[in-house]
Amino acid sequence: MDVERVIEELYRLKPGDFVSARDGYVAQARKAKDASAAKAIAALRRPTRATWAANLLARERRDEAGQLLALGETLREAHRTLDAEQLRAAGHRRHRLIAALAREVAELARSAGQPIGDTVVHEVEQILHTVLADPAVAEEWSHGRLTAVPDAVVGFMGVPTPSVPPPPASTPPASTPSAPPPSGPGPSAPRPPAQAPSARPPSTPVASAPSSGPSRAARKEQRAAPEDEERKSAQARARQRDRVERARTAVAEADAEARRREEELRDAREAQRAAQAPATEAAERVRAVERELHDAQRAERGTRAALAQAASAVKDAERAAREAHSAAGRAARSLERVERQGEDA
């Protein structure tokens, strides 16, 4: 069995048709004694509605899918090279492209007779974002074989999270960067040494540092805190989606099993109905034969009675005949005697 052809065919089906078609191919492979094919096909997972819809885009809109894959390469390269300008430009393009592709996916699903709601569209957007970040997901999606909504990612898979330099701060006042005066008067000191103590406090960097805002490390920590919260929230949502997806898969498989059992019940009932007609006909024949047998037995009893009467009549006739013969013999002998007497006279 050509497993690749079967996989391609299965993942082109609607999610509701996947399980029964997959099980049918598994049965064919087992019947053909192709254990490896049966195992490979049985391991295939039914795609969710979101992954099925996203796979439609990869199959039906090759040019748009190629744009997304190319943008993913650009973004990953920008992360590797820490090109802030390229990251900002590609990021703007990413949001516009994913929004447009999500609308295209919704239209494709509607045309295929499987319209999707806002929740599924949101999952499609998450898939497309992950395609940009994760080369493995991108590879699976490009072949139209994605089966589950991947976890949301923060940053890019296999690429260190870059530290994009913040925009340059506004030029501080002239007094802010001034360093404390060197120990001992120099030739360039604008004031006499006697005035240095009174001028020192405003030029001290300790007093002026807060005016320039938080340090780079503090800013990084401030940025990292919401990112950590967002990552944790995204991971929690991803885990919840995974639980929901597993539950949906279990429901779908249970529904498919119930449908198979209903089909078996329907086939059994049809077989029962098909066997019922011959059984009814045979029963009618048995009843007809039983009626014929009853009539024949009754006729036999009647003929036996008639036979008994005839036998009795035969006996009576035989006895009467014997008696008649005896009477005739006696009459004949009596006649002889009379004739002899007459001759003697």
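Here are a few exercises, with worked solutions, on a predicted model of one protein chain.

**Exercise 1. Work out which kinds of secondary structure the chain has, and in what pattern.**

Start by counting: there are eleven helices and zero strands. Next, read along the sequence, and you get α-α-α-α-α-α-α-α-α-α-α.

**Exercise 2. Check the span of helix 7 against what is expected.**

First, find the helix: helix 7 covers residues 118–133, which is 16 residues. Then go from its first C-alpha to its last, and you cover 23 Å. At 1.5 Å a residue, 22 Å is expected, so the two values are close. Now look for its buried residues: among them are Val120, Val121, Glu123, Gln126 and Thr130.

**Exercise 3. Decide whether serine 142 is buried or exposed, and find what it touches.**

Begin with its place: serine 142 sits in helix 8, residues 135–142. Its relative accessible area is 18%, and the cut-off for buried is under 20%, so serine 142 counts as buried. Finally, set aside its neighbours within four places in sequence; serine 142 is then in contact with Ala58, Arg62 and Leu69.

**Exercise 4. Describe the chain as a whole, including how confident the prediction is.**

Take burial to begin with: of the 345 residues, 24% count as buried. The accessible surface comes to about 23000 Å², and 55% of that belongs to carbon and sulfur atoms. Turn to contacts with a separation of 6 or more: 71% of them are between residues 24 or more positions apart.

Now for confidence. The chain averages a pLDDT of 76, with 70% of the residues scoring at least 70. Over residues 157–212, though, the pLDDT is below 50, and this stretch has 30 contacts in the model beyond near neighbours in sequence.

Conventions: Residues are numbered from 1 along each chain as its sequence is written. This is a predicted model: local features need pLDDT of at least 70, side-chain atom pairs count only at pLDDT 80 or more; totals for chains, interfaces and linings use all residues. Side-chain values use heavy atoms; hydrogens and water are left out. Helices (H or I, at least four residues) and strands (E, at least two) are DSSP runs, numbered from the N terminus. Buried means under 20% relative accessible area, exposed over 50%, partly exposed in between (1.4 Å probe, protein chains only). Contact means heavy atoms within 4.5 Å. pLDDT is the predictor's confidence in each residue, from 0 to 100. Accessible areas come from the Shrake-Rupley method with a 1.4 Å probe; for residues, only the protein chains shown count as cover.
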